[in-house]
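This report goes through one protein chain, part by part. Please look at the sequence and the structure before reading on.

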Amino acid sequence: MTFTGPSTTKRLLDPRATDPGLLAIVGSTIKGNTIDFSGSGIGTLFDVYGPAIIIGETSISNNYLTSSSASSGNLRSVLNMECATAGNVFVEALKAHNNLVSSNYTIVSYGAVMTVECSNFQILRSKLYENTISLPQYSTGSNSVIYGGAFSVLTGNYAGEVFMHDVTCNYNRANAAEVYGGAGYMLGDTSLSSAITFNTDNATFGCNLANGTAKSLGGGMYFEGVKTINIGSNSTFYKNVALCACSGITDLKGGPAYYVNDQFYAGYINAT
């Protein structure tokens, strides 16, 4: 199936139900759609809900999400995928390129391509590149916040895993007052009582940018509430940059990545 824009300012897909079962988007093209979101709640193109979600052999490009007026909600990607309880999202052969989230008003945004709010997330043989989120960069604009320039994973308090194999995540940009992860953001159980893990194999994060005026943490990735991080074989973080006009040194950390409550952010990550 093909979804090409411009679309109206509504979600194209909202299959919420008590027991929606498996939902799959396979062999699809999602291109050139525009969403102008205002009000409360979540602004997204596809609002996908279920215990199991599959995205396969799909291209997502040149989509535009904006909020042209003041809003109390948040902009959540082209794909916003949620599970009612512990659930699974499987993505394979996704090509996501040149998607843009932008607003002149302060708002919170989660990933230009996708937000995953499930306990288990696997992404294989995929490329996420040259996606951008651009929000106001007021020095005190704490409501202008980006959580992951290209993608965001919110696992909650469920034990699970994020696994990336043969994934390229390059040249993504995040500009706002506060930026947490130029390319990706992962938030698990902040008490670390649930064993959430992040594993990569043959994954590349290169030339991503976190550009904040009040805070910038993790040019490539930002981790919080993640118990184990394994940067596996042939995985590389290179030339990721965290920029900040802030005065406090604690507000600018981690060119390659930043991990709350650890010194992970200090090093150059290359596990080839």
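## The disulfide

Cys 83 and Cys 118 form a disulfide, and their sulfur atoms lie 1.9 Å apart. The model is predicted, and one disulfide is what the structure holds. The link between Cys 83 and Cys 118 is right-handed, with 90° about the S-S bond. This pair connects distant parts of the chain, 35 residues apart. Cys 83 belongs to the loop between β10 (79–82) and β11 (88–97), while Cys 118 belongs to the loop between β14 (114–117) and β15 (120–129).

Are Cys 83 and Cys 118 buried or exposed? Both are buried. Two further cysteines can be described in the same terms. Cys 169 has a relative accessible area of 1%, so it is buried. For Cys 207 the relative accessible area is 13%, and this residue is therefore buried. The cut-off matters here: buried means under 20% relative accessible area.

## The chain as a whole

How many helices and strands does the chain have? The secondary structure comes to zero helices and 29 strands. The chain has 272 residues, and 55% of them count as buried. Its exposed surface is about 10600 Å², of which carbon and sulfur atoms supply 48%.

Contacts can also be sorted by how far apart the two residues are along the chain. Among contacts in the chain with a separation of 6 or more, 86% come from residues 24 or more positions apart.

## The seven-stranded sheet

Seven strands make up an open sheet with parallel pairing. Their order in the sheet is β6-β10-β14-β18-β21-β24-β29. At the edges are β6 (46–49) and β29 (257–259), each of which pairs on one side only. On average, neighbouring strands of this sheet are turned by 5° against each other, with direction ignored.

One of the pairings can be followed down to residues. Strand β24, residues 221–224, pairs with β29 in the parallel sense over three bridges. Which residue of β29 is the bridge partner of Tyr 222? The partner is Tyr 258.

## Salt bridges

A search of the whole structure finds four salt bridges, and three of them are described here, beginning with the two that involve Arg 125. In one, the side chains of Glu 57 and Arg 125 meet, at 3.6 Å from N to O. Glu 57 lies in strand β7 (residues 52–61) and Arg 125 in strand β15, so the pair, 68 residues apart, links distant parts of the chain. In the other, the side chain of Arg 125 meets that of Glu 92, at 3.0 Å from N to O. Here too distant parts of the chain are linked: Glu 92 is in strand β11, 33 residues from Arg 125 in strand β15. Glu 57, Glu 92 and Arg 125 are thus linked in a network of salt bridges. Arg 125 has a relative accessible area of 42%, so it is partly exposed. Glu 92, at 25% relative accessibility, also counts as partly exposed.

A further salt bridge joins Glu 117 and Arg 76, whose closest N and O atoms are 2.8 Å apart. Glu 117 sits in strand β14, and Arg 76 in the loop between β9 (74–75) and β10. The two are 41 residues apart, and the pair links distant parts of the chain. Why does Glu 117 count as partly exposed? Its relative accessibility is 29%, and partly exposed covers values between the limits of under 20% for buried and over 50% for exposed. Arg 76 counts as buried because its relative accessibility is 9%.

## Around Tyr 171

Where is Tyr 171 placed? This residue is in the loop between β19 (161–170) and β20 (173–180). Tyr 171 has 39% relative accessibility, so it counts as partly exposed.

Leaving aside residues up to four places away in sequence, Tyr 171 touches Glu 130, Asn 131, Gly 206, Cys 207 and Asn 208. Cys 207, described above as buried, is 36 residues from Tyr 171 along the chain. The C-alpha atoms of Tyr 171 and Cys 207 are separated by 5.0 Å.

Notes
Residues numbered from 1 in each chain as written. Predicted model: local features only at pLDDT ≥ 70, side-chain atom pairs only at ≥ 80, totals over all residues. Heavy atoms only, no water. Pairing = 2+ DSSP bridges. Helix = DSSP H or I, 4+ residues; strand = E, 2+ residues; numbered from the N terminus. Axes fitted to C-alpha atoms, helices over the stretch in contact; angles between N-to-C directions. Disulfide = S-S within 2.5 Å. Buried < 20%, exposed > 50% of the residue type's maximum accessible area, 1.4 Å probe, protein only. Contact = heavy atoms within 4.5 Å. Areas by Shrake-Rupley, 256 points an atom, 1.4 Å probe, with all protein chains shown as cover.
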